[in-house]
Amino acid sequence: MLAGKSAVLFDWDGTLADSMGIWTETDMRLLRAFGGTADPADMQRERDDVLRRFRSKPDPYLAYSAYLKERYGWTQSPEEIRDKRYELSRDLLENEVDYKPYADKIVRRLKAAGYALAIVSTTRRSNMDIYRTANRNIIGKADIDTYFSYVCTAEDVANKKPDPEAYLQAMRVLGMRPDECLAFEDSLAGVEAAVAAGIETVAVYDAANEADRARIEALADRYIAGFADWPANELP
C-alpha cells in the first residue's frame, strides 16, 4: 500500500498512542474526587455518547462537565469540573501514555525511508504539547518534533472528524495529493474522515472501538490488529 505514496498520515489517540483508556481513568478519578460511582465500561459509553452529541459546541468538554454536574449533583461549576478533569488527566498524559506496540518502530522506519509524516488528530493542542515536551515514553522512542513534519490538532480546524477538514489541512501543509498519501486510523469517525478526503486508509484495531468494528472494517481499505501485523515485505 506504500507503493507510489510520499506521505503517511496518522491519527494519534488509539492509533499511534495507546491513550484511549486514560479518559475513562480520568473520569473515574473525577468521581472519586467529587463523589459518585459508575462502572468503567458504562462511563466510557456514556462519555462517548455525550461528547458525540456536544461535538459541535465551542467547548464540548465544558458541556460534558456541565452534564456531569447535573448527572451527579455536584456543587462545583462546569468550569471547575472541567479544570479538575484536566488536572487529573495531566499525570496520565505525561506518565502513562505510550506508543502502541511496534508503532514507534514503524514511524522510525518510514521517516528513515524518506516519507513525510504527519499527525492528523483533533485532540487538544495542550495535550499534544504534553506528548511533545513532557512525556518521556514518547520522547524516548520517537519524539514528535523530530519525526513528524506537521501536527494537526483541534485548534487547527473548525470541523472535527468525521469531517475530512483535518486531512485536507494536512495535505495542504505537506503539499500532497490524496493519491500520494496513506492514512492510519482506529475509529469509525476517523476512517470516515480519511476516506472522505480521498485517502487510502488502514484501520488499526483499538478496543475502544469494538462496537464499530464491522463498519470500520467494511469502510477501510485494510484492517490490521496492530502495527506488528503490517506485512514485512511492504515495509521500507
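**Exercise 1. Is strand β5 (residues 200–204) enclosed or open, and how many of its residues are buried?**

Before we start, a word on the material: this is a predicted model, in which local features need pLDDT of at least 70 and side-chain atom pairs count only at pLDDT 80 or more, while totals for chains, interfaces and linings use all residues. Residues are numbered from 1 along each chain as its sequence is written, and side-chain values use heavy atoms, with hydrogens and water left out.

*Solution.*

Step 1. Fix the terms. Strands (E, at least two residues) and helices (H or I, at least four) are DSSP runs, numbered from the N terminus. Buried means under 20% relative accessible area, exposed over 50%, and partly exposed in between (1.4 Å probe, protein chains only).

Step 2. Count. In β5, 4 of the 5 residues are buried, so the strand is largely enclosed by the rest of the structure.

Step 3. Look at the strands beside β5. Strand β4 (residues 181–185) runs parallel to β5 and is joined to it by 4 bridges; strands count as paired if DSSP finds at least two bridges between them. On the other pairing, β5 and strand β6 (residues 222–224) are parallel over 3 bridges.

Step 4. Go down to residues. Val202 is the bridge partner of Phe184, and Val202 also stands opposite Arg222 in β6. Ala203 has Tyr223 of β6 as its bridge partner.

**Exercise 2. Place β5 in the whole sheet, and describe how the chain crosses between its strands.**

*Solution.*

Step 1. Write the strand order. The open sheet has 6 strands in the order β3-β2-β1-β4-β5-β6, with parallel pairing.

Step 2. Find the edges. β3 and β6 each have a single partner strand, so one side of each is left without a neighbour in the sheet.

Step 3. Add the twist. On average, neighbouring strands of this sheet are turned by 20° against each other, direction ignored.

Step 4. Place a helix. α10 packs on the sheet, where it touches β4 and β5, and its direction makes about 170° with that of β5. Here axes are lines fitted to C-alpha atoms, for helices over the stretch in contact, and angles run from 0 to 180 degrees between N-to-C directions.

Step 5. Trace the crossovers. β4, helix α10 (residues 188–196) and β5 make a right-handed β-α-β unit. Right-handed means that, with the strands pointing away from the viewer, the path from the first strand over the helix to the second runs clockwise. β5, helix α11 (residues 213–219) and β6 form another right-handed unit of this kind.

**Exercise 3. Work out the surroundings of Ile119, then those of the core residue Phe148.**

*Solution.*

Step 1. Locate Ile119. This residue belongs to strand β2 (residues 116–120) and is buried, at a relative accessible area of 0%.

Step 2. List the contacts (heavy atoms within 4.5 Å). Beyond neighbours within four places in sequence, Ile119 is in contact with Phe10, Trp12, Met128, Ile144, Phe148, Tyr150, Val151 and Cys152.

Step 3. Compare sequence with space. Phe10 is 109 residues from Ile119 in sequence, yet their C-alpha atoms are 4.9 Å apart.

Step 4. Move to the core. A nonpolar core is a set of buried Ala, Val, Leu, Ile, Met, Phe, Trp, Tyr and Cys residues joined through side-chain atoms within 4.5 Å. The largest one has 37 residues, and Phe10, Trp12, Leu16, Phe148 and Phe184 touch the most other members. Helix α5 (residues 103–112) gives the most to this core, with 4 residues.

Step 5. Check Phe148. Not counting residues up to four places away in sequence, Phe148 touches Phe10, Leu16, Tyr99, Val107, Leu117, Ala118 and Ile119.

**Exercise 4. Examine Asn135 and Pro164, two loop residues.**

*Solution.*

Step 1. Asn135 lies in the loop between α6 (125–133) and α7 (136–142), and with 0% relative accessibility it counts as buried.

Step 2. The Asn135 side chain reaches the backbone nitrogen of Asn137 at 2.9 Å. Setting aside residues up to four places away in sequence, Asn135 touches Leu93, Glu94, Asn95, Val97 and Ile130.

Step 3. Pro164 sits in the loop between β3 (150–152) and α9 (165–174). At 18% relative accessibility, Pro164 is also classed as buried.

Step 4. Beyond neighbours within four places in sequence, Pro164 is in contact with Ala193, Ala196 and Ala197. The C-alpha atoms of Pro164 and Ala194 are separated by 6.2 Å, with their positions 30 residues apart along the chain.

Note on methods:
Polar contact = N/O pair within 3.5 Å; in protein donor to acceptor, adjacent residues only side chain to side chain.
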